[in-house]
2 protein chains.
Amino acid sequence: MLVLGIDPGTAITGYGLVRGDRPGAPTLVECGVIRTHAREPLASRLAEIYDGICQIISEHRPTILSIEDVFYSRNVRTTVVLGHARGVIMLAAQQHGLAIHEYPPAAIKKAVVGNGAATKEQVQFMLTRLLRLKSVPSPSDASDGVAAALTYLLAPRLPTIASLSRPLQPGSQVGR
Amino acid sequence: MLVLGIDPGTAITGYGLVRGDRPGAPTLVECGVIRTHAREPLASRLAEIYDGICQIISEHRPTILSIEDVFYSRNVRTTVVLGHARGVIMLAAQQHGLAIHEYPPAAIKKAVVGNGAATKEQVQFMLTRLLRLKSVPSPSDASDGVAAALTYLLAPRLPTIASLSRPLQPGSQVGR
């Protein structure tokens, strides 16, 4: 199972591709950022983000999008502009048939560190441990994308309707 | 010149196509709404909106997108979700090469009625007069799309860099 994690942003969108076939042993496949041109108008930057996400999906064929939720607000305008970026990312995932999962920032910290109020440094430390990396993925936006991907693999989830509708074999378990 | 005006929304996106070749005589070409399925997840609704806008653009070939600005906030969550819809609409316009113009709600009222604090009824009354219609475009979301399109044709604009960079002929005027 390959998960595409995204930290959306109009200037820099971070992403991480994490493979999680065996429980407890997720591996980092790739991470990076999509940078847009600051002087370009918003619509042009949205197209850059959309094209970048489509390219990553076409190349790596992830089946899950795990994306940070943005429904908090320090600055309404920033949050609304971020909503535009998030819209085109979700569109790209939907068009390519990915299952989409959204997590609030606190849920990502809770899944990775075990504490919803963890610091950025604690999240980065746990990322390197969980993925057995020699250093923190850089820049930090890429690292945030990796954290979102890892959250999907680590966060407890209820069995989905799809998994429940599969006939159970004796001794088999529901869920992953 | 054919202008596509949009009133964005995740449940109902209104649109209006207004032709404005001669100053002072704009004509309504078509208006309507894109309705999305309320039970579908957001990503699926965004794809419905995106597909709908692409279809309208492909069919009518407008060169301008005029869209209501959403950077005000009664309810932050609603405004942010609206940002997602607006993002995929701007993406569709950008991909089809339309020039994109954004107007705050007060600028639309000001352009159509002459008063930035006009009521919805006043806007609708002026729409029917300016476009010589027998009745108000319905539903009201379609009517709001028409108002956005008309705003581009009526609002005073400074000459654009593109129009200024064209060599001026003796006696020619800058702008439309």
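## A tour of the sheet, helix 4 and the two copies

Begin by selecting the strands of chain A in this predicted model, where five strands form an open sheet in the order 3-2-1-4-5, with mixed pairing. Strand 3 (27-35) and strand 5 (99-103) of chain A stand at the edges with a single partner strand each, so one side of each has no neighbour in the sheet. From one strand to the next, the twist averages 20 degrees.

Next, select strand 1 (residues 2-7) of chain A. Six of its six residues are buried, so strand 1 is largely enclosed by the rest of the structure. In a regular strand the side chains alternate between the two faces of the sheet. Here both faces are covered, with A:L2, A:L4 and A:I6 buried on one side and A:V3, A:G5 and A:D7 buried on the other.

Keep strand 1 of chain A displayed and add strand 2 (residues 12-19) of chain A. The two strands form a hairpin with four residues between them, and they pair in the antiparallel sense over six bridges. To follow this pairing, pick A:L2, whose bridge partner in strand 2 is A:R19. Stay on A:R19 and look toward strand 3 of chain A, where its bridge partner is A:T27; strands 2 and 3 of chain A run antiparallel and are joined by eight bridges.

Now return to strand 1 of chain A and add strand 4 (residues 64-68) of chain A, which runs parallel to strand 1 and is joined to it by four bridges. On this side, A:L4 stands opposite A:L65 in strand 4.

Move to chain B and select helix 4 (residues 120-130), whose buried residues are B:V123, B:Q124, B:L127 and B:T128. Viewed down the axis of helix 4 of chain B, these buried residues fall within an arc of 130 degrees, so they line one face of the helix. An α-helix has 3.6 residues a turn, so residues three or four places apart point the same way. If you add helix 3 (105-113) and helix 5 (140-154) of chain B, you will see what the buried residues of helix 4 pack against. On the other side of helix 4 of chain B, B:E121 and B:R129 are exposed. Just after helix 4 of chain B comes B:R132, which takes a positive phi of about 50 degrees.

Finally, show both chains together. A turn of 180 degrees, with a shift of 0.0 Å along the axis, lays chain A on chain B with an RMSD of 0.0 Å, which is the relation of a two-fold axis. Of the interface residues of chain A, 100% are also interface residues in chain B, so the copies meet through the same surface.

How values were computed: Residues numbered from 1 in each chain as written. Chains lettered and ligands numbered in written order. Predicted model: local features only at pLDDT ≥ 70, side-chain atom pairs only at ≥ 80, totals over all residues. Heavy atoms only, no water. Pairing = 2+ DSSP bridges. Axes fitted to C-alpha atoms, helices over the stretch in contact; angles between N-to-C directions. Least-squares fit on C-alpha atoms with pLDDT ≥ 70 in both. Contact = heavy atoms within 4.5 Å. Buried < 20%, exposed > 50% of the residue type's maximum accessible area, 1.4 Å probe, protein only. Arc of directions from axis to C-beta.
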